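Grab a pencil and open the viewer. Here are a few exercises on cysteines and cores, each with a worked solution.

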Amino acid sequence: TKGSKTSKTGCAEGNLLDLAGKKCVTTCPEDQVKSSDSGQCLMNCPSQEFLDSKQKSCVKSCPEGTTPNTSTHKCIQGCPDNLVYDDQKSLCVETCESPRMADLKTKKCVSVCSNGQLADRLTLKCVESCSIGSYENNQECAQCHSTCSACFNFGDNSCLSCSSDDKLLFSSKCVDECPTNDHY
């Protein structure tokens, strides 16, 4: 119409350009989504954007209560099972960046583990108990001495088992041979 404003797509202000049908529309067809800034209907969102299914549009950052899924490029409620939410990146991630850890109960990257969980700095996860090769120390899992495959404290005299098959466990220490007059 004469006198109405047009957008950079050539469509009237507020309308979108349907690239597939090469016409101006008020809403995108069912199989297309609205671009975040070009005023066009697209088949898929650009690689740096995510699909907001509620608005049926591409967004640079997902709305509150949803998180961007980088593999599907969609905004989703929470994070999938194997991922946790990193609020610093506003993304669901497999591994949090040190010094933060993945709390699988709250599904978030955290600085301090909660609910009686221990901080495992090796795996960067909050855990119920320390894995073999580490021991509990001040709400964290600490790595055993290199001679121990399992231990109850740090030091080469706190072993429960030895990391080398050719060593013998004697008085919580891994040794080449037992001292004379002693038996294990």
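**Exercise 1.** Leaving aside its neighbours within four places in sequence, list what C159 is in contact with, then find the largest nonpolar core.

*Solution.* Bear in mind that this is a predicted model.
- Start at C159: once neighbours within four places are set aside, its contacts are T147, C148, A150, C151, F152, L169, S172 and C174.
- Now go to the core. The largest nonpolar one has eight residues: Y135, A142, C144, C148, C151, C159, C162 and C174.
- Next, see which strands feed this core: β17 (148–151) and β18 (159–162) each put in at least two residues.
- Finally, look apart from this core, and you'll find another one, of six residues, including M101, V110, C113 and A119.

**Exercise 2.** Count the disulfides, then work out the handedness and the burial of the one between C11 and C24.

*Solution.*
- Taking pairs of cysteine sulfurs within 2.5 Å, you get 11 disulfides.
- One of them joins C11 to C24, with 2.0 Å from S to S.
- Check the torsion about that S-S bond: it is about -85 degrees, so this disulfide is left-handed.
- Place the two ends: C11 sits in the segment before β1 (16–18) and C24 in strand β2 (residues 23–25), so to speak distant parts of the chain, 13 residues apart.- Then compare accessibility: C11 has a relative accessible area of 0%, so C11 is buried. C24 comes out at 41%, which makes C24 partly exposed.

**Exercise 3.** Do the same for the link of C96 and C109: which hand does it have, and where do its ends lie?

*Solution.*
- The sulfurs of C96 and C109 are 2.1 Å apart, and a disulfide joins them.
- About the S-S bond you get -90 degrees, and the link is left-handed.
- C96 lies in the loop between β10 (91–93) and β11 (101–103), while C109 is in strand β12 (residues 108–110); the pair links distant parts of the chain, 13 residues apart.
- As for burial, both C96 and C109 are buried.

**Exercise 4.** What does the disulfide of C130 and C141 tie together, and how far is C178 from the nearest cysteine sulfur?

*Solution.*
- C130 and C141 are joined by a disulfide, S to S 2.2 Å.
- The torsion about their S-S bond is about -95 degrees, so this disulfide is left-handed.
- C130 lies in the loop between β14 (125–127) and β15 (134–137) and C141 in strand β16 (residues 140–143), so the pair ties together parts 11 residues apart in sequence.
- With 8% relative accessibility, C141 counts as buried.
- Now for C178: this cysteine is in no disulfide, and the nearest cysteine sulfur, that of C162, is 10.0 Å away.
- C178 is buried too, with a relative accessible area of 18%; the cut-off for buried is under 20%.

Terms used
Residues are numbered from 1 along each chain as its sequence is written. This is a predicted model: local features need pLDDT of at least 70, side-chain atom pairs count only at pLDDT 80 or more; totals for chains, interfaces and linings use all residues. Side-chain values use heavy atoms; hydrogens and water are left out. A nonpolar core is a set of buried Ala, Val, Leu, Ile, Met, Phe, Trp, Tyr and Cys residues joined through side-chain atoms within 4.5 Å. Buried means under 20% relative accessible area, exposed over 50%, partly exposed in between (1.4 Å probe, protein chains only). Helices (H or I, at least four residues) and strands (E, at least two) are DSSP runs, numbered from the N terminus. Contact means heavy atoms within 4.5 Å.
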